[in-house]
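Hi,

Here is the structure I promised to pass on. Have a look at it first, and then read on for what turned up.

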Amino acid sequence: MGKYVMILGAGLMQRPSIEAAMDLGYRTLVTDANPGALCASFADVFEPVDLKDKEGLLSLAKSFGGELAGVFTAGTDFSASVSYVAEGCSLPSHTYQAALNASNKALMRACFKSAGIPSPGYTRIFRSELASFMESHPLESLPYPLVIKPVDNMGARGCRLVRTKEEFIPAAEDAMRASLSSCAILEEYMSGPEFSIDAIIYKGTFTVTGFADRHIFYEPYFIEMGHTIPTCADSGIRNELIATFARAAHSLGLTCGAAKADIKYTASGPMVGEIAARLSGGYMSGWTFPYSSGIDLTSQAVLVATGNEPHELLLRRQPLPISGVPFPVYELPSIRHSAERALISIPGTVREIHGEERATAYPYVRNYFPRVKQASRVDFPRNNVEKCGNIITFAASGSLASESAEKSVSQIVLRLEPCDEATKNFLSGIQGRAEKDFPPDAYSAAREVTDYLMAADGSLGRDQKAASLLKDAPDYVSEWAKSARDWNHRTPMESLSLFDSICPVHPPVPLGDFWRALIRGGVQGILYTADSLREGGD
């Protein structure tokens, strides 16, 4: 074809977009504020333009004249920039106003309210209005729990649960700091399982192109520890959620291109969290859905963005028995199963990374995406960009895909530098401002288990195996050691065995310190404790 597709963003999430455009015969014009972005060098033409700079992007696009076939993004905040450029160049896309509606959470909620779409009640608060808001809404009278989030960011940055009046001001300040416009929305908390749904809207039809269960943990934050596709929800619930998504997308004015919903099924039925005018990030549209469906979804979306017919989507989609919505509704079915799981860490600095070879050799593993390396600073995540890596699997059943992903993650150990203040404070249980019970302990344990462990006398000898410490433990302790799971899906016994493998010789470690470090920080905690003793730390 010889023409260009302009792709906004040059990170890992944009790699499938670059590949799809190239596979379709296009050249790629890639833009990103960071010239060192991971995929910048893969582009036929790369231009370092900030994705917020709509006029700069439009000027660049117009400089290509009739050589530009379409504008595209996936997994970024900048679908409005895509539509602004496409509209200015008379190329296919959602309208700019529709994309704004799907980018700004306050505009989005207003559209939902006007159309009667079930979504949380909300209040918009600018930083300059925070004091007056608190004067007119006494904090002790607010209907906790509430959720506060920036109106214009993604990846759960600045998003958290507000459980008490003491948490309100720190949470509001964080949300406004994460907002490009210093604005947040305060909204009702939705309780219920959460789902991610992708769709492509094309010539008046709505085709679901992925429906996944999201696995969200660690209040007061909303950390997605992975997703599994296809969903386990039954067909009745699925169709209710899809119908609500379709009506919500229509209320925003989305007409030509991708849409992505984060949606919950509450006691009152479906409730929309948010909708974006793009394909999903988080490895779903570019990896897990193509694995589970056998369809390169990004290529189909690029075809729509370039004014071509998405042949495979039209050929393979199946009608869904959904009525009362403004579109005929179809679905591209998932025929196998894929799972993504995240790797996370306690605070500190990475000294060594162990187990990556074992992790990637595990059955059904298709991808490992490390996000940290030696000397990286790490923290327990408060948003979805602070995770340390991701594993993706592909199998014939959901249980195989999920179990393999979790087992693979459990093989990877980030050994931290000793004598680090952040690690020490974490293991001591010091919590941040207005973060009660966060981060959680690696292992929950009944009082009788902790009483038994803390009553242990003496030390773990310098070449003694940690896994031998529980050989004579009571059944209730042995059962806990074999069944409890930490954030990275390891049992206490697995953590002890990994300690023995990684640190076969160590200074004597007082057993009280050892067990406290295990419960609080898992294998990272006990490795750090032994390494700090070796370095002469306290």
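A word on terms before we start: helices here are DSSP runs of H or I with at least four residues, numbered from the N terminus. Please also keep in mind that this is a predicted model.

With that in hand, take helix H2, residues 54–63. Right behind H2 comes Gly65, which has a positive phi, near 50°. The buried residues of H2 are Leu57, Leu58, Leu60 and Ala61. Because these residues cover an arc of only 160° around the axis, they sit on the same side of H2. What do they pack against? The partners of the buried residues of H2 are strands E1 (4–8), E2 (27–31), E3 (45–47) and E4 (68–72), plus helix H3 (79–88). Turn the helix around and you find Glu55, Lys62 and Ser63, which are exposed, on the face of H2 turned away from its buried side.

Next, helix H8, which runs over residues 235–252. Its 18 residues should span 26 Å at 1.5 Å a residue, and the end C-alpha atoms are indeed 26 Å apart, so the two values agree. At the start of H8, Asp234 puts a side-chain oxygen within 3.1 Å of the backbone nitrogen of Gly236. At the other end, Gly253 comes just after H8 and takes a positive phi of about 90°. H8 has a list of buried residues that includes Arg238, Asn239, Phe245 and Leu252.

Now the strands. Is E11 (residues 223–229) mostly covered or mostly open? It is mostly covered: seven of its seven residues are buried. E11 pairs in the antiparallel sense with E10 (residues 205–217), over four bridges, and there Asp213 stands opposite Thr228 of E11. Five residues lie between E10 and E11 in this hairpin, and Tyr218 in the turn has a positive phi of about 75°. E11 also pairs with E16 (residues 337–343), again antiparallel and over four bridges. In that pairing, His227 faces Glu340 of E16.

Last, the cysteines. How many disulfides does a search of the whole structure find? Zero. Cys89, for one, is in no disulfide, as the nearest cysteine sulfur, that of Cys256, is 15 Å away. Cys89 has 21% relative accessibility, and buried means under 20%, so Cys89 counts as partly exposed. Cys39, on the other hand, is at 0% relative accessibility and therefore counts as buried.

Over to you, and happy browsing!

Note on methods
Residues numbered from 1 in each chain as written. Predicted model: local features only at pLDDT ≥ 70, side-chain atom pairs only at ≥ 80, totals over all residues. Heavy atoms only, no water. Disulfide = S-S within 2.5 Å. Buried < 20%, exposed > 50% of the residue type's maximum accessible area, 1.4 Å probe, protein only. Helix = DSSP H or I, 4+ residues; strand = E, 2+ residues; numbered from the N terminus. Pairing = 2+ DSSP bridges. Arc of directions from axis to C-beta. Contact = heavy atoms within 4.5 Å. Expected span 1.5 Å × (residues − 1). Polar contact = N/O pair within 3.5 Å; in protein donor to acceptor, adjacent residues only side chain to side chain.
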